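Me: Could you take a close look at one part of this model for me, the nonpolar patch on its surface, and then tell me what else stands out?

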Amino acid sequence: MSSSPASIPTHVAIIMDGNGRWAKQRGLPRIEGHRRGVETVRSIITASRELGIRYITLYAFSVENWKRPQAEVGALMGLLEYFLKKELAGLVKDKVRLLTIGRTQDLPETVRIHLQKAVEATAGFTGHTLVLALNYGARTEVVDAARAYAAAVASGQASLNDSSWESFSRHLYTAAIPDPDLVIRTSGEMRISNFLLLQAAYAEFVFTPVLWPDFTKEDLAAAVDVYARRERRFGQTSDQLKPAATS
Ligand code: IPE
Ligand code: IPE
Ligand code: MG
């Protein structure tokens, strides 16, 4: 059963996990799993566009991932550069805007150059947005936002009398991006691993045992179907959400 357009999430965020295990199961080096993972990224970007999902965020590299062996980190950066170079034409053709979240200033210069180029070349598109979480960590995001907020208060652009979430969240990396409606994690792990902790406050979660290189368009559609059957209550009661009874 496919979802009706009304039940399509506006923003799907994905923790792409399991590349290493996919490779290990086949006696291949971990990097081979990452290579296959890039193929999945390509097909899932297309699939999300076809499903009518307006924002897709992909967790590609966490602040903690620097702790991996240097060779793996280097290979991941190389793949990221390769992806950006190769995909830019496709993003432009499909009118997909690219945004990033995370401390991208600390990525290698070659990656930064290609990122900037792709972000600038796609900045005018409004229909679909691909957000890459790169050198991202929710805790570092809070630290960066608190620093930006303090600077705004010091310069008089923000006031300490304003205690609203809206005025604080303006300083998060995601200021221009709606909160995720659906967070998917592949590979059977049931944890959030420092991903969008604040923005996912009311997200629905779908965990699947499928390893990221094996994740298909059908798996994405299935997760969206699960989402469509959930009742999002945002703190209210189920009865409150039903249309008022007419007498
Ligand atoms: C996800 O796959 C990719 C990144 C975190 C960059 P993993 O590399 O974490 O794969 P597993 O969890 O070891 O199987
Ligand atoms: C989360 O996966 C980060 C990304 C998918 C980029 P990890 O594989 O790094 O997470 P943990 O270490 O298993 O929690
Ligand atoms: Mg992992």
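Reply: V142, W165, L197 and L198 make a nonpolar surface patch of about 320 Å². A patch here takes residues with over 30% relative accessible area and no salt bridge, with nonpolar side chains (Val, Leu, Ile, Met, Phe, Trp, Tyr) joined within 5 Å and like charges within 9 Å; a salt bridge is a side-chain nitrogen of Lys or Arg within 4 Å of a carboxyl oxygen of Asp or Glu. Areas are Shrake-Rupley values with a 1.4 Å probe, and for residues only the protein chains shown count as cover.

Keep in mind that this is a predicted model, where local features need pLDDT of at least 70, side-chain atom pairs count only at pLDDT 80 or more, and totals for chains, interfaces and linings use all residues. Side-chain values use heavy atoms, leaving out hydrogens and water, and residues are numbered from 1 along each chain as its sequence is written, with chains lettered from A and ligands numbered from 1 in the order written.

Back to the patch: V142 sits in helix α5 (residues 138-154), helices being DSSP runs of H or I with at least four residues, numbered from the N terminus. V142 has 33% relative accessibility, so it counts as partly exposed (between 20% and 50%; buried is under 20%, exposed over 50%, 1.4 Å probe, protein chains only).

For a buried residue, try E87, at 14% relative accessible area, in helix α3 (residues 70-93). The E87 side chain makes a polar contact with the side chain of R42 at 2.7 Å, meaning a pair of N or O atoms within 3.5 Å; within protein, one must be able to donate a hydrogen and the other to accept it, and sequence-adjacent residues count only if both atoms are side-chain atoms.

Conventions
Helices (H or I, at least four residues) and strands (E, at least two) are DSSP runs, numbered from the N terminus.
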